[in-house]
Amino acid sequence: MTMPVRERLYDVDDLWALYCQPGNDHFRFELIDGEISEMSGPGGVHGRIAMRLGRYLDIFAEENNLGIVTGEAGYYSPDDRYTTLFPDVATISFERAPDPFPEWFVPAMPDLAVEVKSPGNTWPELRDKARRYLQRGKTLVWIVDSARGAVEIHRTSGTVEAVSAEGSLAGGEVLPGFTLELSRLFS
């Protein structure tokens, strides 16, 4: 009788060790349900949109003393060391952010996670990531589709809202008072 071989589940420590190995500094990995996979690097439009949105969010968060904005930093929930996600842009309130802010992956999920859709991403994959963020108690996920000039907004309440190129984003409870017309983001 043969016993099935169980694959090893990797955790956040294994992922960090992989990033720290010589020669891996130019690779991008993520960890989902104990499985490490290599991610492709962002393209030009993807990088520009992420940087632009990050700049708007960072200025607003700083001016209003609301928290920390990051780009492509790793976040994991201490309750789930088998999943580490790397949103293209994220915000985390000062109240929830570790102090001091870590060099290592952030041991909390962001309050706002932004995923910019790349040509290699599928909608089911991105919506699954949004679900993962929201299951870990976060309140807002924006999936930015630069090809359409639109954003899909996911909330913990389970609502999903599509905002067209003529609309605007709002920070809600995460960034009260923040609004951004999508025409400014995609111009």
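Buried means under 20% relative accessible area, exposed over 50%, and partly exposed in between, with a 1.4 Å probe and protein chains only. The model is predicted: local features need pLDDT of at least 70, side-chain atom pairs count only at pLDDT 80 or more, and totals for chains, interfaces and linings use all residues. Residues are numbered from 1 along each chain as its sequence is written, and side-chain values use heavy atoms, with hydrogens and water left out.

**Exercise 1. Place threonine 91 and classify its burial.**

Step 1. Find the element. Helices (H or I, at least four residues) and strands (E, at least two) are DSSP runs, numbered from the N terminus. Threonine 91 lies in strand 6.

Step 2. Apply the cut-off. The relative accessible area of threonine 91 is 3%, so threonine 91 is buried.

Step 3. List the partners. Contact means heavy atoms within 4.5 Å. Leaving aside neighbours within four places in sequence, threonine 91 is in contact with Leu57, Ile68, Val69, Pro110, Asp111, Leu112, Val174 and Leu175.

Step 4. Turn to one partner. Leucine 112 touches, among others, Leu57, Val89, Ala90, Thr91 and Trp142, not counting residues up to four places away in sequence.

**Exercise 2. Compare the span of helix 2 with its expected span.**

Step 1. Take the rule. The expected span is 1.5 Å times one less than the number of residues.

Step 2. Apply the rule. Helix 2 covers residues 44-63, which is 20 residues, so it should span 28 Å. Its end C-alpha atoms are 28 Å apart, which agrees.

Step 3. Look at its buried residues. They are His46, Ile49, Ala50, Arg52, Leu53, Gly54, Tyr56, Leu57, Phe60 and Ala61.

Step 4. Inspect a side-chain pair. The charged end of arginine 55 sits over the ring of tyrosine 56, 5.0 Å from its centre. The test asks for NZ of Lys or CZ of Arg within 6 Å of the ring centre and within 35 degrees of the ring normal.

Step 5. Step past the helix. Asparagine 65 follows helix 2, and its phi is positive, near 50°.

**Exercise 3. Which elements give two or more residues to the largest nonpolar core?**

Step 1. Define the set. A nonpolar core is a set of buried Ala, Val, Leu, Ile, Met, Phe, Trp, Tyr and Cys residues joined through side-chain atoms within 4.5 Å.

Step 2. Size the core. The largest has 25 residues, and Leu53, Leu57 and Leu112 are among those with the most contacts inside it.

Step 3. Name the elements. They are helix 2, strand 7, strand 8 (140-145), strand 9 (150-155) and helix 4 (182-186). Helix 2 gives the most, with 7 residues.

Step 4. Separate the other core. Another core of 16 residues lies apart from it, including Ala90, Ala113, Val141 and Ile143.

**Exercise 4. Classify two aromatic pairs by the angle between their planes.**

Step 1. State the test. Rings of Phe, Tyr and Trp (its six-membered ring) pair if their centres lie within 6.5 Å; planes under 30 degrees apart are stacked, over 60 edge-to-face, and the rest tilted. The whole structure has 11 aromatic pairs.

Step 2. Take phenylalanine 27 and phenylalanine 29. Their centres are 6.0 Å apart with 35° between the planes, a tilted pair. Phenylalanine 27 has 29% relative accessibility, so it counts as partly exposed. Phenylalanine 29, at 10%, counts as buried.

Step 3. Take phenylalanine 86 and phenylalanine 105. They are 5.5 Å centre to centre with 90° between the planes, an edge-to-face pair. The two residues are 19 residues apart and link distant parts of the chain. Both are buried.
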